[in-house]
Amino acid sequence: MGDPNSNDSSMVHGTETVFEDCEIFLGGNEMVDGCEAIISDKMGHDAEMILDYKMVDIHDNKVDPGGEMVPYDQTVLHCNQTVQGSEIASGNVTTGVKPPTSSKRRRKTSMVWEHFTTEDSEGCTRACCKHCNGVFAYSSGSKMSGTSHLKRHITQGHCPEIKVQEPTAGGTENDYQGTEEKPSKRRRRTRTGYANAPFNPDRSKSYLAKMIILHDYPLQIVQQPTFISFVEGLQPSFKVVNTDAIEAELYAVYLKERESVLKQVGNIPGRINLTVQSWTTSQTLGYVSLAGQFIDSEWKLHRRMLNFVMVPWPGYSENAISEAISRSLPQWNMTDKLFTVTGDYDSSSHDIYSLNLREELSRKNIPMLGGQFLVVRCYAHILNAAACDVTASVQSVIYKIRESIKFIKSCVSHEEMFAHIILQLQIPSNQTLCLDIKAQWNTTYLMLLAALDYKQAFTMLEKYNDNYNQAPSAVDWEKVEVACRYLKLLYDSANSIMATEDPTANIFFHEAWTIQREISNATDHQDSIASTIAKGMNEMFDKYWKDCNVMLAIAVVMDPRFKMKIVEFSYSKIYGLMKGAKYVKLVDDAVHELYKEYVRQPLPSTPAHVEQEVTGALPNNKNSIPTDPTSTGNLLSGFDIYLSEVALSQIPKSELDQYLEEALAPRMLEFDILKWWKLNAVRYPTLSRMAQDVLAIPMSTVGRGSSVFAAGTEARMLDDYQSSLHPETLEALFCAKDWLQHSSPDAP
């Protein structure tokens, strides 16, 4: 039986025993190498065939000619040795081969199990295809169906979900007939190529386009020889497309994702808020990116890129932005749903910019409250502008500290000397000196903070090393201490915002009023250094506070943990009791005016019990009023009339007033404001719609995954490669990247 073409078939009494796909194990489950047999071309009439048994458990037994079991240690089978003569039982009994009966099964090693799973049902085990979910027989009790039919399902195109490669010139395993030598099972397993069976070139091309989009790879990557070689090494059957073809595939991905986002935006119950960012190129071409932020019907906050369009006016021109918005809203069926527009524009031009933008958009849209709160300034931009003002006031000291750190880091001996001085002075700090990134003020703050701990060491280093003469003076260190005190306010506020994955509008009031109070008080500081730095910050931040504090306050009123109480408290701290009360009234009036706008709009659907609960009206159905047939009941009928008259004479409280008069919600650490409103939307059907829009206002243009510290007033610069792309391709790249980050990674 060692040679497939040999006539030596070990016949006993006319019976040919054949083992197909049997892997024979001895005693300790060791496989007898080389004992792999195939079906002979001729079989005896009494032959019994055992198919696809993957496990043979001889253990400590063997079969003697009489059919009795004897100890295993008297039998030894060697590789490629055929069991002869008396070692085979007569009749229909096979020698030493049986289905596995032990509950301990060997791990499945056949490559077919990469495509199938097993499931037990009614005493039998079935194989289930992972691709098409087809179910096939595998075992029933001690009978095994094997895996050959499972292999054919995968390799011969029976599975509808798998495109099988064309057979090679040598043919498939069914092509071996006559005297042609049939390859071993190991060779056939390699030729059919299970790893290649599920290969789908169209899906692979789509994944390649998504990789280019998500990782900002240039389109020309598909023409790079090293990339082509890499792909061919992974899958020779995949033909890498050219630049034009991958650009077309990229645009197809964009269109498919756009349909999904369009459906999502079309289903939002309230209004949409926009964020605006300006971009430019080295050729001074202008682009505007628009992102929409909203809360869906499940009270989940979303921000999605909507458009990235070229505009004829570069920079932050109200004409450019209003043009981009006017073109974008109809594309997303949101013409009458615009609520606010948040941008990074400069504070000095906010009033004129806001007025012009409001007039432009009001021609084609109907903003809430006549556009009074239409334009919102970016909070992250204000933090960065204030921080830059602080660092500019101590720029000369920052230069000295930078040069000092460069000197220490430039030579190992300098570092060792500085470390020796720190030990000598017994400075307990563990801060690490590092250079800052000039474009990110948070790194400048951390550099100054670390340098403050070693100010004595810098002075001592100047005495020990004649080549070092950049040590800051005592006055310089005083300036650094004051600057760090103010930068800490901004730094902590920025980190607080970034710590929230999807910040709602209510959290910004707490940050803004705290900074406003500290800066206002610092302007009257007796220390000239502190007051000088504070005045520059106050002028900038105070302008932001005056422009946006009412909108910030409306948002925090929608937080059931604070409502109007936090407004009353904070304004009294900033302005004092008398003056603060005036600003509180402004906020209260604005909240009620905005609420009236929503009252005038019809509710989608309101349950009858909610209307009765809100208005306090009596049921219209007279039969629903319980009556007492006794004389007492007749007397109470007059009482019912009295209650009706009292109800008509009293003005029912609005949802807003009821909400404000109720006790504050507990301030729990993991409080979810959107979940609270979702649960209370039945109690406040109108007010909840207002909260849904207000809490979705983007108080910052900085989205998830971006750094607050990098936001600035300058238009963002596209690189040379991006600038060379067609505007439609550039929009597809920017938008699809944002959309794919929110879609399933396994979607084809």
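This report covers salt bridges, aromatic pairs, charges over rings and cysteines in a predicted model.

**Salt bridges**

Searching the whole structure gives 18 salt bridges. One of them joins K400 to D476, with 3.0 Å between the closest N and O atoms. This pair links distant parts of the chain, since K400 belongs to helix α9 (residues 395-409) and D476 to helix α13 (residues 474-498), 76 residues apart. K400 is partly exposed at 27% relative accessibility, whereas D476 is buried at 8%.

Helix α9 also holds R402, which pairs with D436 in the loop between α10 (412-425) and α11 (441-453), so the contact ties together parts that are 34 residues apart in sequence. The closest N and O atoms of D436 and R402 are 2.8 Å apart. D436 is buried, with 11% relative accessibility, and R402 is buried as well, with 11%.

A further salt bridge is formed by D559 and R561, at 2.7 Å from N to O. Both of these residues, D559 and R561, are buried. Elsewhere, salt bridges connect R377, K543 and D547 into a network.

The three individual pairs described above are listed here.

| Salt bridge | Closest N to O distance |
|---|---|
| K400 and D476 | 3.0 Å |
| D436 and R402 | 2.8 Å |
| D559 and R561 | 2.7 Å |

**A buried arginine without a salt bridge**

R689 is located in helix α22 (residues 685-694). R689 is buried but takes part in no salt bridge. The nearest side chain of opposite charge belongs to D693 and is 6.6 Å away, while a salt bridge requires a nitrogen and a carboxyl oxygen within 4 Å. What the side chain of R689 does reach is the backbone oxygen of Y598, at 2.9 Å.

**Aromatic pairs**

The count of aromatic pairs comes to 29. In one pair, F116 and F136, the ring centres are 5.9 Å apart and the planes stand at 75°, so the arrangement is edge-to-face. The cut-off for that class is an angle over 60 degrees. F116 is part of strand β8 (residues 116-121) and F136 is part of strand β10 (residues 135-140), so the pair ties together parts that are 20 residues apart in sequence. The two rings also have their accessibility classes: F116 is buried, at a relative accessible area of 2%, and F136 is partly exposed, at 22%.

Ring pairs also build a cluster, which consists of F509, W545, Y571, Y575 and Y583.

**Charges over rings**

Two cases involve a charged side chain and a tyrosine. R485 has its charged end over the ring of Y486, 5.8 Å from the ring centre. K563 is placed over the face of Y659, and here the distance to the ring centre is 4.4 Å.

**Cysteines**

The number of disulfides is zero. A disulfide is a covalent bond between the sulfur atoms of two cysteines. For C159, the closest cysteine sulfur is that of C132, and the 3.7 Å between them is too far for a bond. The cut-off applied to a pair of cysteine sulfur atoms is 2.5 Å. C159 is buried, with 2% relative accessibility. C124 is buried too, with a relative accessible area of 14%.

Terms used. Residues numbered from 1 in each chain as written. Predicted model: local features only at pLDDT ≥ 70, side-chain atom pairs only at ≥ 80, totals over all residues. Heavy atoms only, no water. Phe/Tyr/Trp six-rings, centres within 6.5 Å; stacked < 30°, edge-to-face > 60°. Helix = DSSP H or I, 4+ residues; strand = E, 2+ residues; numbered from the N terminus. Buried < 20%, exposed > 50% of the residue type's maximum accessible area, 1.4 Å probe, protein only. Lys NZ or Arg CZ within 6 Å of the ring centre and 35° of its normal. Lys, Arg positive; Asp, Glu negative; His and termini not counted. Polar contact = N/O pair within 3.5 Å; in protein donor to acceptor, adjacent residues only side chain to side chain.
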